Amino acid sequence: MEEKEGSTPELRERKKSSSLENERTALQTLPEKTRDIPPMRRSPKYVLFQRFAKLFLGCLAAVTSGMTYALYLSTYHERRFWFSSRQELEREITFQGDSAIYYSFYKEMLKAPSFERGVYDLTHNNKTVSLKTINAVQQMTLYPELIASVLYQATGSEEVIEPVYFYIGIVFGLQGIYVTALFVTSWVMSGTWLAGMLTVAWFIINRIDTTRIEYSIPLRENWALPYFACQVAALTGYLKNNINTSVERFCYLLVSASTYTFMMMWEYSHYLLFLQAISLFLLDSFSLMQTDKVHEVYKIYLLSLFLGYLLQFENPALLVSPLLSLVASLMLAKCLQLNVKKGTRIARMMKVMYFYLIFTLTVMLNIVMKTFVPHKENGHMLKFLEAKFGLNMTKNFTMNWLLCQESLQAPSQDFFLRLTQSSLLPFYILVLIICLFSVIQAIFRRINGKPLKEIVTLEDGQIGERPEIVYHVIHTILLGSLAMVLEGMKYLWTPYVCMLAAFGVCSPELWMTLFKWLRLRAVHPIFLALILSMAVPTIIGFSLWKEFFPRIMTELSELQEFYDPDTVELMTWIKRQAPVAAVFAGSPQLMGVIKLCTGWMVTNLPLYNDEDLLKRNENIYQIYSKRSAEDIYKILTSYKANYLIVEDAICNEVGTMRGCRVKDLLDIANGHVVCEEGDNFTYSKYGRFCHEIKINYSPYVNYFTRVYWNRSYFVYKINTVISFQS
């Protein structure tokens, strides 16, 4: 008896099959007479079939969820814009701002005589912005458009589907992959694909806060984030302890491929990977996972940065990125740490100073790289952050305009209210608190010298011992911290809120961890954890279905219509009346639409990653300021503009946020207002240009001639020969 009872823990630690463990445990609790009867064991074929059926059904549910979401987006887009019933010009007008620029280059690639010629024209582009030759592929990250154009022509889709449907179809398909990847991540963490179904439900219900696909289809993040979701799913599987060697190898390859692809699709991808690297660094520093796996991921980062640098036309932004500095510092510091492990005191001192060492090395290496590598790495963003946190007050138009953008402000109360109404936020907070406290317990166990458990059983109630859980807890805290400062970051954070909350309520280990803390004895904790892991998500799913499913079906049944006749008339006039060599000036959002719909050259673009383009936008916006006709004329002719377009919506804008109208920001930058704080600003002796030019009196008629107008737009030809009239 004693010998058998002493061997039980050893069997549990060595074997993975929970069914055999339960049978042996139950066998020992039986009377001796009954114990001699051989137990009924399931055959290996039955167990294999059961696992296969579970895997098959889970994969089927994941793929079905992704396809359903892609179909939902396509249907909603059609019903919202009545897309199939529109002419090509009206369809293109639905692409606004920077989205119009991306799609215009896709059109140019399809018109090119060959792929090589099309790529050359984009990399030496002098037909988009006047007096400026740009490498559009590098500056605007046009690899999605290159791939889409190749696929469209290589698959022979010209005779089957229109280019615009092929383009948006790829993006909607990627969103389906996005949802599938979130499904798989939650499934891998919880062990049940019920968590994946709940993740998808929360994602769709909160789609106004999880994605911007409804408002701007060609955005770089809509192309890139599905690959990042695949990378996170593969990384989750890779970080798990005691996984099959072939599965681990597959996850490693998927992490490598998706990391590189993600980096090629979005210019800001290395910043998001930087946050991920910080999460892995903390995971390794507290000895919560195998160090070798972390090093392998670091190598993936370095390889992706190297290949990205070469294939992105030697993009210096990747060399001066914080990701490269951090990973290089981590690997160097790890080598130093390994060399001093023989001495106990030195090793402990090194452990205490490890964080300081990493921080110092990272900063120093980044400064060195920026010193020797010529770059223009978004210097305006650093100025924006200084102004955002009140470190530097500025009257600069561009900085104040960025501060007024909704996506760059703190999230509103409506955001938290929406997440609460869908029950997502309360369950996320519950799951995060339980996981976070369990992780803290695991960290203290490592500090006290207890080794990392390779197998964490349900009876242990220590969900914080699982490295993939620790990674997601740290990652979601980092993303959430940024989302609390910048609302635009919610589109990165909220999808993982859906995934983590769904994993938690469907995980018996999380409930078991809670019951261990509560020391529950009235009911068997394992039995109650299993019941709650099925009952709670079922109740949540039923309530979500009852409340939100009718709303979704109502949205799909409503037939909306995109109606913008003024813009259609303007584009039609430009294509029919304006010379082919004409250059147009106006607001950057309108210039993007003109470039897409007409192909005419413009003076500025709605892109904010280039200082020269930002300066152009500020200068062209002066048409809504209190400047003289001569000043505006000099600005426009310096960019070789032939036509000026004044938008009535901007000139007569009634902003909801005080001081954030374009004309208010211009008046502050130009010193043409008297502020309440007592700044010594003076009134301008000139009226607002966009108002004065409509009156058609001297000196405005000397410089500009009105050639077209409708309710929204006024087009003026910029006179090449000035004739002064009395």
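Student: Which pattern do the disulfides of the protein follow, with bonded cysteines counted along the chain?
Tutor: Keep in mind that this is a predicted model. The structure holds two disulfides. One is formed by C404 and C660, and the other joins C651 to C690. With bonded cysteines counted along the chain, the pattern is 1-3, 2-4.

Student: How many residues apart are C404 and C660?
Tutor: The sulfur atoms of C404 and C660 are 2.0 Å apart, and a disulfide needs them within 2.5 Å. The pair links distant parts of the chain, with C404 in helix 22 and C660 in the loop between helix 33 and helix 34. Along the chain, C404 and C660 are 256 residues apart.

Student: Is the disulfide of C651 and C690 left-handed or right-handed?
Tutor: Here the S to S distance of C651 and C690 is 2.0 Å. The torsion about the S-S bond of C651 and C690 is about 80°, so this disulfide is right-handed.

Student: And what about the link of C404 and C660, left-handed or right-handed?
Tutor: Look again at the S-S bond between C404 and C660. The value about that bond is -75°, and the link of C404 and C660 is left-handed.

Student: Is C404 buried or exposed?
Tutor: Good one to check with a number! Buried means under 20% relative accessible area. C404 has a relative accessible area of 18%, so C404 is buried.

Student: Let's turn to salt bridges. Which residue forms a salt bridge with R445?
Tutor: A search of the whole structure finds 26 salt bridges. R445 lies in helix 24, and its partner sits in the loop between helix 24 and helix 25, so the pair ties together parts that are 20 residues apart in sequence. R445 is buried, at 15% relative accessible area, and the partner is buried too, at 1%. The closest N and O atoms of the pair are 2.8 Å apart, and the partner is E465.

Student: Which residue meets E468 in a salt bridge?
Tutor: E468 counts as buried, at 2% relative accessibility. The partner is buried as well, with a relative accessible area of 9%. Their side chains meet at 2.7 Å, N to O, and the partner of E468 is R466.

Student: In which helix do E630 and K634 both lie?
Tutor: The side chains of E630 and K634 meet in a salt bridge of 3.4 Å, N to O. E630 counts as partly exposed, at 38% relative accessibility. The two residues are four residues apart, about one turn of the helix, and both lie in helix 32.

Notes:
Residues numbered from 1 in each chain as written. Predicted model: local features only at pLDDT ≥ 70, side-chain atom pairs only at ≥ 80, totals over all residues. Heavy atoms only, no water. Salt bridge = Lys/Arg side-chain N within 4 Å of Asp/Glu carboxyl O. Buried < 20%, exposed > 50% of the residue type's maximum accessible area, 1.4 Å probe, protein only.
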